Amino acid sequence: MFNLSNETDYKLLLKTKNYYNFFIFAVLFLFTAIFVRLLFLSFDNNSISSSNERDTSLRALPTIYDLNKNILAYSDYNYSIKNIKNKVKYLKRNVPISVILEPIYKGDPYIKFEKILTRKYPHSAILNNMIGNTNIDHKGISLIEKFIDQNNRDIDISIDIKIQKKIYDSLFKDTLNLNPDYSLNVLVDLSREEIVSNVFLDNRNVNDRFDQTLLPLKDLKFDFGSVFKTFTVYSALKNQKIEVNEYFDVDQPVYIGSKMINDYPRNSEIPMQVGDILKKSSNRGAILIRRNLDCQNEFKADLDQIGLLKSTKIGFGMTSVEPTVNNFRGRYCDNIPFGYGLSISPIQLINAYGKIITGRDNFNASFEKNEKQNKNKYNKISNTVNKLLFYANETDNELYKNFLVAGKTGTADQFILNDEKFQNVTYISFFPYNNPKYLNLTFMQNPKESYGKYMTAGNTVKPTFYNLLKEIYIYLDLSIVNTKSTDI
């Protein structure tokens with residue numbers, strides 16, 4: 001006990017009281033500081049809410065899924081830190097909340113954060129030029145994004161992101177080796193008429209990058225070269241104007257107007273049958289076959305029937321460009337049979353082959369997921385063409401026989417300023433030929449290198465296809481392959 005009559009005890013008590021008063025003052029000061037800080041944060045939050053009023057009105061777009069419910073596009077919030085002193089300057093973008101809290105509690109009134117609704121693409125690197133774009137108001141403005149903005153519902157598309165990745169990696173390697181302006185590969189499930197993979201690689205200078213609002217599969221147009229010879233043979237067989245075993249003398253000069261058409265290699269020494277005209281890709285042979293047909297009522301009518309003379313739907317409200325007839329090399333009817341004079345989009349080429357090889361006149365490949373499986377409608381014409389293309393596609397690659405791959409190459413010369421020339425190279429293939437399940441288009445514009453002596457499709461995109469088939473065949477439904485039943 002303290003004795004108040006004792007001076008020492010009194011001084012001790014007084015000193016203790018002073019400490020107590022100081023403690024009370026410190027607590028009150030800390031409480032006041034916290035209250036003021038909370039009040040400041042309240043005003044700060046109101047200010048933030050006001051500054052982001054535009055973002056709170058935005059609505060999230062629906063989610064885009066692949067064939068197996070993997071997310072390809074979705075809406076979520078991004079947080080950014082900015083300094084609003086003088087001129088707004090963003091310090092950090094797309095940061096987690098934990099990073100935002102630190103500068104806020106330091107008390108700098110000029111440091112703000114904002115919450116912005118954004119569109120996120122987990123697989124953007126391998127899905128370029130396909131999903132589309134949104135604008136600053138979070139509205140879909142192109143391709144599939146435009147469709148879901150207008151329809152406001154989640155969608156499943158036919159792309160299998162696992163296969164897409166495998167094809168992307170393989171095509172990327174060949175693009176580095178062959179150095180084209182750009183490359184395209186499309187894989188289609190023929191029974192479902194679904195586009196399983198669609199890979200586009202722009203390999204040009206960074207200043208010439210392709211417009212991201214366009215879909216090359218439907219928005220680009222090309223003369224595809226000798227892949228058109230299949231259509232010439234198909235039309236002649238369909239109209240019963242030739243026999244498969246018929247011979248054509250391709251060593252004799254063939255003219256379009258005053259221009260003589262060359263073949264490579266020249267001097268076959270013996271006339272060619274239809275299968276050899278496809279295998280050796282004879283320009284003269286294709287013209288001679290077409291000249292058995294009435295141009296307008298037979299040949300042109302068949303081109304129209306398989307979809308080469310009009311645009312086509314590709315799903316989700318998207319439509320391909322209109323084809324262009326270019327008669328710069330002479331007569332319309334003699335140019336198209338060997339692959340010049342008609343510029344079409346890749347999807348039109350795919351659909352035309354799809355119609356012929358499956359026998360289904362309404363074949364139409366799409367990005368829309370389709371639960372229905374369509375059976376091939378075999379007929380004499382489709383069976384004959386498929387068998388011819390298996391023979392014409394002969395190669396020493398073991399995958400050719402393992403999966404019964406049929407196909408056709410095409411090399412088309414393109415001319416630019418000062419008569420400078422480059423090639424568009426195309427390889428369209430399907431397998432197994434006796435019961436087609438998958439179709440693939442491999443295309444490159446202007447490759448600077450090749451895997452052989454000559455710059456042809458056979459030395460560029462054909463090896464490229466077999467490189468990627470090696471990577472993906474294990475993921476495909478190829479249980480129907482029966483190597484014993486190759487006679488159709």
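**Largest pocket**

The residues that line the largest pocket fall into 13 nonpolar, 15 polar and ten charged. The structure is a predicted model. The space in this pocket comes to about 1,100 Å³. Its lining has 38 residues, and those closest to the pocket centre are Ser226, Tyr264, Ser281, Thr411 and Thr456.

Four elements each give at least two residues to the lining of the largest pocket: strand 10 (259-261), helix 8 (274-279), strand 16 (406-415) and strand 17 (421-431). Strand 16 supplies the largest share, with seven residues.

**Largest cavity**

One cavity of 30 Å³ or more turns up in a search of the whole structure. The largest cavity holds about 30 Å³ of space. Strand 6 (182-189) and helix 6 (216-219) are the elements that contribute two or more residues to its lining.

The residues lining the largest cavity are Tyr182, Leu184, Phe200, Pro216, Leu217, Leu220, Phe222, Pro346 and Phe443. By class, nine are nonpolar, with no polar and no charged residues in this lining.

**Helix 13**

Helix 13 covers residues 380-392, 13 residues in total. From first C-alpha to last it reaches 18 Å, close to the 18 Å expected at 1.5 Å a residue. At the N-terminal end, Asn379 acts as a cap, with a side-chain oxygen 3.0 Å from the backbone nitrogen of Ile381.

Ile381 is also one of the buried residues of helix 13. The others are Ser382, Asn383, Val385, Asn386, Leu388, Leu389, Phe390 and Ala392.

Key: Residues are numbered from 1 along each chain as its sequence is written. This is a predicted model: local features need pLDDT of at least 70, side-chain atom pairs count only at pLDDT 80 or more; totals for chains, interfaces and linings use all residues. Side-chain values use heavy atoms; hydrogens and water are left out. On a 1 Å grid over the protein atoms alone, a cavity is a set of points where a 1.4 Å probe fits but cannot get out, and a pocket is an open set with protein on both sides within 12 Å along at least five of seven lines; lining residues have an atom within 4 Å of a point. Grid points are joined across faces, edges and corners, and a volume is the space filled by probe spheres set on the points. Ala, Val, Leu, Ile, Met, Phe, Trp, Tyr, Cys and Pro count as nonpolar, Asp, Glu, Lys and Arg as charged, and the others, Gly among them, as polar. The expected span of a helix is 1.5 Å times one less than its number of residues. Buried means under 20% relative accessible area, exposed over 50%, partly exposed in between (1.4 Å probe, protein chains only). A polar contact is a pair of N or O atoms within 3.5 Å; within protein, one must be able to donate a hydrogen and the other to accept it, and residues adjacent in sequence count only if both atoms are side-chain atoms.
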